[in-house]
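Trainee: Please pick one part of this model and take me through it closely. I would like to follow a single element and then its surroundings.

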Amino acid sequence: MTILDETYTLANGVEIPKLGLGTWFIDDDQVAEAVRAAVQIGYRNIDTAQAYGNERGVGEGVRTAGVPRGELFVSTKLAAEIKDHGQAVDAIDESLEKLGIEYIDLMLIHSPQPWDDFRGGDYAEGNREAWRALEEAHQVGKIRSIGVSNFQQRDLENILRGAAVVPHVNQLLVHAGNTPSQLLDHCEDKRILVEAYSPIAHGAILQNAEVQAMAEKYGVSVPQLCIRYTLQLGTVSLPKTANPAHMRANAEVDFEISNDDMDTLRGLRDVDYGEHRAFPVYSGK
């Protein structure tokens with residue numbers, strides 16, 4: 001049994017594979033091939049979003065991957081700009097249509113604010129309206145589990161004030177060098193599973209001498225150490241790649257980081273995202 005066979009159980013009893021394939025930056029005309037390659041390697045958890053512009057290709061990959069639909073866990077995300085019940089209802093149906101599948105395993109509100117006002121204004125009411133649309137789709141079986149992404153504690157508390165369903169998931173930027181420990185603890189207290197996106201980070205973390213030395217000690221690559229770190233934090237790890245060799249390597253994480261080394265990685269502050277700093281989630285807001 002490898003990490004690709006291991007799952008967490010969400011608060012509503014739905015099982016989610018611990019390691020997934022992120023598809024951000026994989027073009028719509030290339031992503032079906034990437035999904036098929038990942039499934040052949042053993043991945044069962046595929047993550048996309050309306051904002052990635054590749055739902056059609058992801059759906060094609062899922063439908064042509066050669067395994068039963070029920071074996072795959074497909075996630076997507078409601079565009080961050082949608083803060084309205086009616087628009088959210090329409091967008092959920094659009095995602096189902098683009099993916100070409102009968103149900104979505106997990107759908108998230110991509111951000112508590114639109115990207116052009118990330119960590120800016122007050123969208124509390126809009127988030128509750130979007131959440132209501134997700135709850136309704138969940139209730140009728142269009143979506144098996146629902147959650148949020150990039151939500152801070154105050155954003156979660158806002159949703160919970162009017163929610164019939166506590167978010168099953170909060171997908172967050174989590175990696176060695178950026179570990180939001182208080183938020184992770186809060187989510188755990190609320191039985192909200194955290195998914196770690198960009199677990200390998202960007203830029204400087206790959207050249208960080210301390211992290212390199214630690215990876216060498218375990219006889220693994222820096223990306224493998226970083227993925228293992230997020231798994232040992234109790235999160236789903238979502239490294240993104242279209243390269244089958246990297247997919248294989250990312251799943252070769254059958255080793256244990258010691259408690260002392262986990263503490264070192266947890267305390268690390270290394271958030272040089274290089275060219276990715278242009279994206280809101282990496283801007284340091």
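Mentor: Happy to! Helices and strands here are DSSP runs, H or I over at least four residues for a helix and E over at least two for a strand, numbered from the N terminus. The model is predicted, with local features reported at pLDDT of at least 70 and side-chain atom pairs counted at pLDDT 80 or more, whereas totals for chains, interfaces and linings use all residues. Residue numbers start from 1 along each chain as its sequence is written, and side-chain values use heavy atoms, without hydrogens and water.

Let's look at strand β9 and what surrounds it. β9 belongs to an open sheet of eight strands, arranged in the order β3-β4-β5-β6-β7-β8-β9-β10 with parallel pairing; two strands pair if DSSP finds at least two bridges between them. Strands of a sheet pair through backbone hydrogen bonds, in either a parallel or an antiparallel sense. At the edges stand β3 (21-22) and β10 (236-238); each has a single partner strand, so one side of each is left without a neighbour in the sheet.

Now to β9 itself, residues 193-197, which pairs with β8, residues 169-173, in the parallel sense over five bridges. You can trace the register with two pairs: Asn-170 faces Val-194 of β9, and Leu-172 stands opposite Ala-196 of β9. Five of the five residues of β9 are buried, so the strand is largely enclosed by the rest of the structure; buried means under 20% relative accessible area, exposed over 50%, and partly exposed in between (1.4 Å probe, protein chains only). The cover extends to both faces of β9, with Leu-193, Glu-195 and Tyr-197 buried on one side and Val-194 and Ala-196 buried on the other.

What leads into β9? The loop between α6 (181-189) and β9 holds Arg-191, and Ile-192 is found in that loop too. Their settings make a nice contrast. Arg-191 is exposed, at a relative accessible area of 56%, while Ile-192 is buried, with 3%. Most residues other than glycine have a negative phi. Arg-191, though not a glycine, has a positive phi near 60°.

Ile-192 is worth a pause. Its C-alpha lies 5.1 Å from that of Val-169, although the two residues are 23 apart in sequence. Leaving aside residues up to four places away in sequence, Ile-192 touches Leu-156, Val-166, Pro-167, His-168, Val-169, Asn-170 and Cys-187, where a contact means heavy atoms within 4.5 Å. Two of those names can be placed on the sheet: Val-169 and Asn-170 fall within the 169-173 span of β8.

Next, follow Ala-196 outwards to Thr-230, a residue of helix α8 (residues 222-232). Thr-230 counts as buried, at 0% relative accessibility. Not counting residues up to four places away in sequence, the contacts of Thr-230 are Val-174, His-175, Ala-196, Pro-199, Thr-235 and Ser-237. Ala-196 is a residue of β9, and Ser-237 falls within the 236-238 span of the edge strand β10.

Past β10, helix α9 (residues 244-250) contains Asn-250, which counts as buried at 6% relative accessibility. With residues up to four places away in sequence left out, Asn-250 touches Leu-19, Tyr-43, Ile-200, Pro-223, Ile-227, Pro-239 and Thr-241. Pro-223 and Ile-227 lie within the 222-232 span of α8.

Finally, go the other way along the sheet, to β7. Six of the seven residues of β7 are buried, leaving this strand mostly covered. β6 and β7 run parallel and are joined by five bridges, and Leu-108 has Gly-147 as its bridge partner in β7. In the loop between β7 and α5 sits Asn-150, another non-glycine residue with a positive phi, about 65°. Asn-150 counts as buried at 4% relative accessibility, whereas Arg-191 is exposed.

So, where do you end up? β9 has β8 as a parallel partner, its two faces are covered, and Ala-196 of β9 is among the contacts of Thr-230.
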